Amino acid sequence: MISLQQISKSYGGRVLFKEASLQIGLEERVALVGPNGAGKTTLFGMIAGKVSPDSGTIIVNKKAVIGYLAQELESHEGKTVLEEVLAGGSEVSTIEHHLRLLEEEIATSPPGMDEKLLARYGELQARYEHLGGYSYEARAREILFGMGFQEKHLTRPMEELSGGRRMRVALSRLLLIGPDILLLDEPTNHLDLTSISWLEEFLSGYPGTVLLISHDRDFMNRLVTRVVEVDRQQLISYTGNYDQFTTAKYETQQMVEATAKNQQKRVEELELFINRFRYQATKARQVQSRIKMLEKMERVDVPEQRRSVRFSFPDPPRSGDTVIRLIDIDKSYEGNQVYSSLNVELRRGHRVALVGPNGAGKSTLLKLLAGVIPSDKGERRTGHHMTMAYYAQHQLDLLKPENTVLEEIMLSAPLEEQSFLRAILGRFLFTGDDVEKKVAVLSGGEKSRLALAKMLVRPANFLLLDEPTNHLDIPSRDVLEEALRDFKGTICFITHDRHFIRSVANRILEVRNGTVIPYDGDYDYYLYKTQGLEEGLSGPESSASPNEPMAASGVSALRVRKTREQKRAEAEERNRLHRETNQFRERLSQLESEVNGAENTLQTLAEALADPELYQDKDRFFETMESHARTKKKIGELTAEWERLSGMIEEAAKAKP
């Protein structure tokens with residue numbers, strides 16, 4: 001499918017690739033890895049035909065359609081979310097538009113003048129069905145729902161969406177088109193954990209070639225069967241997933257080092273013999289033989305180890321057992337209630353991960369804990385000797401572009417010696433003249449490292465981190481994970497990197513539908529409990545209701561002994577919910593039957609529209625076409641009601657006392 005032959009590429013005097021070659025076959029799943037700035041995105045641009053190599057040849061199957069998800073999005077305004085995704089199938093959309101025009105022409109044409117129009121309509125109808133036009137919108141909705149969108153989001157204008165949501169729309173559009181070659185640059189950015197799992201499953205069965213750039217180890221481990229590393233201007237291929245790649249690379253490195261060591265020992269032996277017997281006539285032949293051996297010997301080159309970030313958080317002053325409490329907090333945005341009577345308590349030594357779907361309120365909760373936004377009601381109470389450091393998603397935007405790296409870190413510690421600040425920057429790979437670089441010219445990864453370095457200047461015993469791994473490559477993430485595991489204070493963080501959550505978190509808070517549900521264990525324990533909940537086997541921690549603070553062994557809970565009246569009221573509420581949900585389930589079952597029946601009818605009508613004889617009878621044609629439109633609309637309405645009732649049943653189940 002793709003052949004790169006002896007390609008070279010330089011930017012501004014920096015060589016990215018030098019006579020590098022790579023072959024990628026049909027339906028391969030390939031991850032492209034390497035440090036930030038190594039040239040991964042440039043390579044994607046060359047394969048997509050957007051960037052030209054300086055030399056060498058790139059051959060892509062002429063019949064193959066390439067789909068490229070880039071980090072920089074084009075502006076698509078004036079369309080709704082669903083319209084933007086559907087517009088990706090240009091041929092389907094064009095045919096559908098022509099069919100609507102033909103319908104108007106046929107309806108207004110005089111008798112005898114519509115035969116050609118009917119014949120043309122039949123041709124386009126057959127092509128439309130062949131392209132999957134009748135199921136096109138349904139597939140678009142399925143993909144959008146998998147990407148975390150809800151029905152109410154599909155009619156929102158694109159210009160109202162955040163950058164993250166626009167990226168998800170672009171990915172949805174690409175997946176609907178179904179190109180032969182998918183180039184995905186950081187596809188899991190802006191996705192929540194549920195959407196990442198859905199994308200993994202979708203791509204696992206994708207009937208095309210997939211190339212991706214990702215810093216998500218779990219995603220690569222579950223999906224790819226080959227890893228290509230950009231290393232020293234070359235493309236080095238390893239069979240297997242990311243973990244197998246790291247193992248193979250380590251073993252190769254050990255083998256090269258051992259070979260180089262043995263070779264060096266042999267070189268020293270030969271040189272010792274030559275120097276010892278160089279001037280002895282009786283040894284002249286043997287000396288010349290060894291000199292020739294040295295000249296012919298191909299020296300083993302041990303790759304120089306890349307510099308990596310090295311840091312650990314300073315030991316902070318000890319806080320009290322209770323670090324922070326949110327008591328009966330209400331919070332709304334523009335009339336949208338995010339939290340009502342929220343109670344959360346974090347305790348010393350806990351590393352709490354906030355998980356849940358996008359838009360559930362994770363960042364809002366982190367901001368409430370950090371005190372950077374006010375609550376509408378309730379109290380934020382900090383613990384004894386608590387000191388805080390907050391790393392926000394927009395932290396990089398707060399860096400001043402006109403400052404140098406050194407000037408920027410000095411803002412956080414104006415009284416510290418420059419030598420101390422330079423030492424900290426050095427641990428984040430800013431050495432020598434790097435500290436004089438302007439913030440404006442730094443890459444995303446460099447800005448992330450600078451923002452983290454600023455957190456080290458003053459020790460805090462409570463860290464709040466919102467997506468700290470964004471823009472960091474995998475080696476830098478590893479170092480951050482290790483530093484946070486060794487940190488002797490308290491941490492609350494948000495990330496969509498499952499490996500990071502597993503490595504750092506010892507407590508989980510699930511944020512969903514305005515509730516905060518505690519799980520007194522690590523991420524694998526959380527998955528075990530939530531999978532059990534889905535199967536009806538178990539639920540969230542029985543010791544705490546969704547908005548109670550977490551228990552003393554985890555995130556502590558305030559316990560109130562229930563009165564007889566409270567128990568009676570809860571029993572009545574359970575009975576009411578049971579009656580309501582029974583009615584919902586009955587209607588849900590009825591809806592499923594109606595949808596199945598309507599889909600069968602639609603299939604029959606589609607087959608009729610594909611019959612050329614239909615277009616000989618104008619009246620029967622219009623009757624069939626109107627029935628098709630009515631049935632399609634009915635399926636949409638029934639499906640929307642089914643989704644609404646399913647959501648109500650889920651909400652009712654979570655609201656049970």
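Is R222 buried, partly exposed or exposed? In this predicted model, R222 counts as partly exposed because its relative accessibility is 45%, a value between the 20% and 50% cut-offs. The salt-bridge partner of this arginine considered here is E200, with the closest N and O atoms 3.8 Å apart. The two residues belong to distant parts of the chain: E200 lies in helix α7 (residues 193-204) and R222 in helix α8 (residues 217-223), a separation of 22 residues. In contrast to R222, E200 has a relative accessibility of 8% and therefore counts as buried.

E200 also forms a salt bridge with R498, at an N to O distance of 2.5 Å. This pair connects helix α7, which holds E200, to helix α17 (residues 498-504), which holds R498, across 298 residues of the chain. Both E200 and R498 are buried.

A further salt bridge joins the side chains of R507 and D520, at 2.8 Å from N to O. R507 is located in strand β17 (residues 507-512), whereas D520 occupies the loop between β18 (515-519) and α18 (523-534); the pair is 13 residues apart and links distant parts of the chain. The relative accessibility of R507 is 14%, so this residue counts as buried. D520, at 29%, counts as partly exposed.

Salt bridges with shared partners join E200, D216, D218, R222, R498, R502 and D524 into one network. In total, the structure holds 27 salt bridges.

Key:
Residues numbered from 1 in each chain as written. Predicted model: local features only at pLDDT ≥ 70, side-chain atom pairs only at ≥ 80, totals over all residues. Heavy atoms only, no water. Salt bridge = Lys/Arg side-chain N within 4 Å of Asp/Glu carboxyl O. Helix = DSSP H or I, 4+ residues; strand = E, 2+ residues; numbered from the N terminus. Buried < 20%, exposed > 50% of the residue type's maximum accessible area, 1.4 Å probe, protein only.
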